[in-house]
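The exercises below deal with strand pairing, a charged side chain and aromatic rings. Work each one on the structure before reading its solution.

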Amino acid sequence: MRKRILTLIIIFFTAAVILGLGFASAVYYGYFHVNGYKAGKYAVRGVDVSHYQGDIDWQVLAKENIQFAYIKATEGSSYIDERFAENREKALKTGLQVGAYHFFSFDSPGTAQAEHFIRIAEPFHNCMVPMVDVEFYGNKRDNPPDPDLVEPELKDYLDRLEQACGQKPVIYATKETWELYICGKFDSYPLWIRDIWTEPTLRAEAGNHQEYDWTFWQYTNRGRLKGFSGEEPFVDLNVFYGTEKEWLEFTAGDEK
């Protein structure tokens, strides 16, 4: 009897390990998204891309049940994504809503970064409102820049860009950078939050129970879509918080 019970325990444990490894593998290789079900309730989907996606066939990608695409243009005060011009030109020939984004550097003046992005990403006509990506890079997660030093530089960047495009830019952030640099300081800007584990529920720390809204949600960084063949086999997948009607209202100002 004991031998039989032990055998059943071993079988059960082995099956659990196999299933666990299978699940982990499906998540790692992008065949299953932890947030996929929750993200599926939102009607408007999109991607954000950079040179890592390599050569993009935009006519193919545009048919992958997406409605928008944000394309990396610049980083810091001098870097230009090598595929930005080509990607934007080809993406604008599809039916997608297309926007450009800038990767914010904690090591460069905000105004210089804004001028750099404006110079490369103009014209803004017929493009979505620009986005600025505020996240850690290099060793910044282990050594976060002082929020009191980041705030004025980010404000300079946002003010200059809003002046140029006539709309408040979208701010992309992880939960960490949102809490450190965005929450309570730049709440009037549309927020794009990254959370690959659960649907964002944003509350400030230090006892503040106020909930904060998000406009875009990056729910996975391991999307498997057709249409690109770069060194990065995956693409970021995002949703818009709202209905298709609200999406049309959100993008209505982009032609101004």
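**Exercise 1.** In this predicted model, find which residue of strand 4 stands opposite Ile71, then place strand 2 among its partner strands.

Solution.
- Step 1. Opposite Ile71 in strand 4 stands Ala100. Strand 4 covers residues 97-103, and its pairing with strand 2 is parallel, with 7 bridges.
- Step 2. Ile71 of strand 2 also has Val49 opposite it. Val49 leads to strand 1 (residues 45-49), which pairs with strand 2 in the parallel sense over 4 bridges.
- Step 3. Strand 3 (residues 79-80) pairs with strand 2 in the antiparallel sense, over 2 bridges. Here Thr74 has Ile80 as its bridge partner.
- Step 4. Strands 2 and 3 make a hairpin with 3 residues between them, and Gly76 in the turn has a positive phi of about 60°.
- Step 5. Of the 8 residues in strand 2 (residues 68-75), 7 are buried.

**Exercise 2.** Determine whether Arg45 is buried or exposed, and which side chain of opposite charge is nearest to it.

Solution.
- Step 1. Arg45 belongs to strand 1.
- Step 2. Arg45 is buried, and the nearest side chain of opposite charge is that of Glu64, 7.7 Å away.
- Step 3. A salt bridge requires a side-chain nitrogen within 4 Å of a carboxyl oxygen. Arg45 has no salt bridge.
- Step 4. Leaving aside neighbours within four places in sequence, the contacts of Arg45 include Glu64, Asn65, Gln67, Tyr219 and Asn238.

**Exercise 3.** The structure holds 30 aromatic pairs. Classify the pair of Phe104 and Tyr157 by its geometry, and do likewise for Phe136 and Tyr181.

Solution.
- Step 1. For Phe104 and Tyr157, the centres are 6.0 Å apart and the planes 80° apart, so the pair is edge-to-face, the class for angles over 60 degrees.
- Step 2. This pair links distant parts of the chain: Phe104 lies in the loop between strand 4 and helix 5, Tyr157 in helix 6, 53 residues apart.
- Step 3. Phe104 is buried, with a relative accessible area of 1%. For Tyr157, also buried, the value is 0%.
- Step 4. Phe136 and Tyr181 are likewise edge-to-face, at 6.3 Å centre to centre and 80° between the planes. Phe136 sits in the loop between strand 5 and helix 6, while Tyr181 is in helix 7, 45 residues apart.
- Step 5. Both Phe136 and Tyr181 are buried.

**Exercise 4.** Find the ring over which the charged end of Lys168 sits.

Solution.
- The ring is that of Tyr189, with the charged end 4.4 Å from its centre.

Note on methods. Residues are numbered from 1 along each chain as its sequence is written. This is a predicted model: local features need pLDDT of at least 70, side-chain atom pairs count only at pLDDT 80 or more; totals for chains, interfaces and linings use all residues. Side-chain values use heavy atoms; hydrogens and water are left out. Buried means under 20% relative accessible area, exposed over 50%, partly exposed in between (1.4 Å probe, protein chains only). Two strands pair if DSSP finds at least two bridges between them. Lys and Arg count as positive and Asp and Glu as negative; His and the chain ends are not counted. Contact means heavy atoms within 4.5 Å. Rings of Phe, Tyr and Trp (its six-membered ring) pair if their centres lie within 6.5 Å; planes under 30 degrees apart count as stacked, over 60 as edge-to-face and the rest as tilted. A charge sits over a ring if NZ of Lys or CZ of Arg is within 6 Å of the ring centre and within 35 degrees of the ring normal.
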